[in-house]
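Here's a quick briefing on how the helices in this model pack against one another. Have a look at the structure first, then read on.

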Amino acid sequence: GDPKLLGALGAWVGAYHLPFVLLGAGVIGLASALLMRLRGEEVGAATRLSPGTFLALAGWPIWLVVAAGS
């Protein structure tokens, strides 16, 4: 489902803004892993973090900016 979400985000924000969505999703994912680590939770290779959630969280504000500019 994550590639389909990325494709939908690309249709909504445009191909030019898609790298910013990916960058934002990566930063949000790293921040969530850091917060889990700071709370004392075990973060390892088997820790499941949903990339679709990070894509949605990163794509929404970018879509708002793109939609406001139209």
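In which hand does α1 cross α2? The crossing is right-handed (the near helix is turned clockwise from the far one by less than a right angle; anticlockwise would make it left-handed). Keep in mind that this is a predicted model, where local features need pLDDT of at least 70, side-chain atom pairs count only at pLDDT 80 or more, and totals for chains, interfaces and linings use all residues. Residues are numbered from 1 along each chain as its sequence is written, and side-chain values use heavy atoms, with hydrogens and water left out.

**The overall layout**
- The chain has three helices and zero strands, with helices (H or I, at least four residues) and strands (E, at least two) taken as DSSP runs numbered from the N terminus.
- Along the sequence that reads α-α-α.
- The C-alpha atoms fit a box of roughly 45 × 20 × 15 Å along the principal axes.
- Of the 70 residues, 21% are buried, meaning under 20% relative accessible area with a 1.4 Å probe and protein chains only (exposed is over 50%, partly exposed in between).
- Among contacts (heavy atoms within 4.5 Å) with a separation of 6 or more, 67% join residues 24 or more positions apart.

**α1 against α2**
- Two packed helices are described by the angle between their axes and the distance between the axes.
- Helix α1 (residues 2–13) and helix α2 (residues 18–38) have axes that come within 9 Å and cross at roughly 130 degrees; axes are lines fitted to C-alpha atoms, for helices over the stretch in contact, and angles run from 0 to 180 degrees between N-to-C directions.
- That makes α1 and α2 oblique to each other, since under 35 degrees counts as roughly parallel, over 145 as roughly antiparallel, 65 to 115 as roughly perpendicular and the rest as oblique.
- On the α1 side you'll find L6, L9, G10 and V13, which meet L18, V21 and L22 of α2.
- By class, this α1–α2 contact has six nonpolar residues, one polar and no charged; Ala, Val, Leu, Ile, Met, Phe, Trp, Tyr, Cys and Pro count as nonpolar, Asp, Glu, Lys and Arg as charged, and the others, Gly among them, as polar.

**α2 against α3**
- The axes of α2 and α3 come within 8 Å, again at roughly 130 degrees, so this pair is oblique too.
- The α2–α3 crossing is right-handed.
- Residues of α2 including F20, A25, I28 and S32 meet a set in α3 that includes F54, L57 and I62.
- The α2–α3 contact divides into 10 nonpolar residues, four polar and no charged.
- S32, in α2, touches L49 and F54 once neighbours within four places in sequence are set aside.
- The C-alpha atoms of S32 and F54 are 9.4 Å apart, with their positions 22 residues apart along the chain.

**α1 against α3**
- α1 and α3 pack at about 5 degrees with axes 10 Å apart, and are therefore roughly parallel.
- Among the residues that meet here are D2, L5 and W12 in α1 and P51, W63 and V66 in α3.
- This α1–α3 contact has 11 nonpolar, two polar and one charged residues.

**The nonpolar core**
- The largest nonpolar core (buried Ala, Val, Leu, Ile, Met, Phe, Trp, Tyr and Cys residues joined through side-chain atoms within 4.5 Å) has eight residues: L9, V13, V21, A25, F54, L55, A58 and I62.
- Each of α1, α2 and α3 (51–69) supplies at least two of them, and α3 gives the largest share, four.
- A25 touches F54, L55 and A58, not counting residues up to four places away in sequence.
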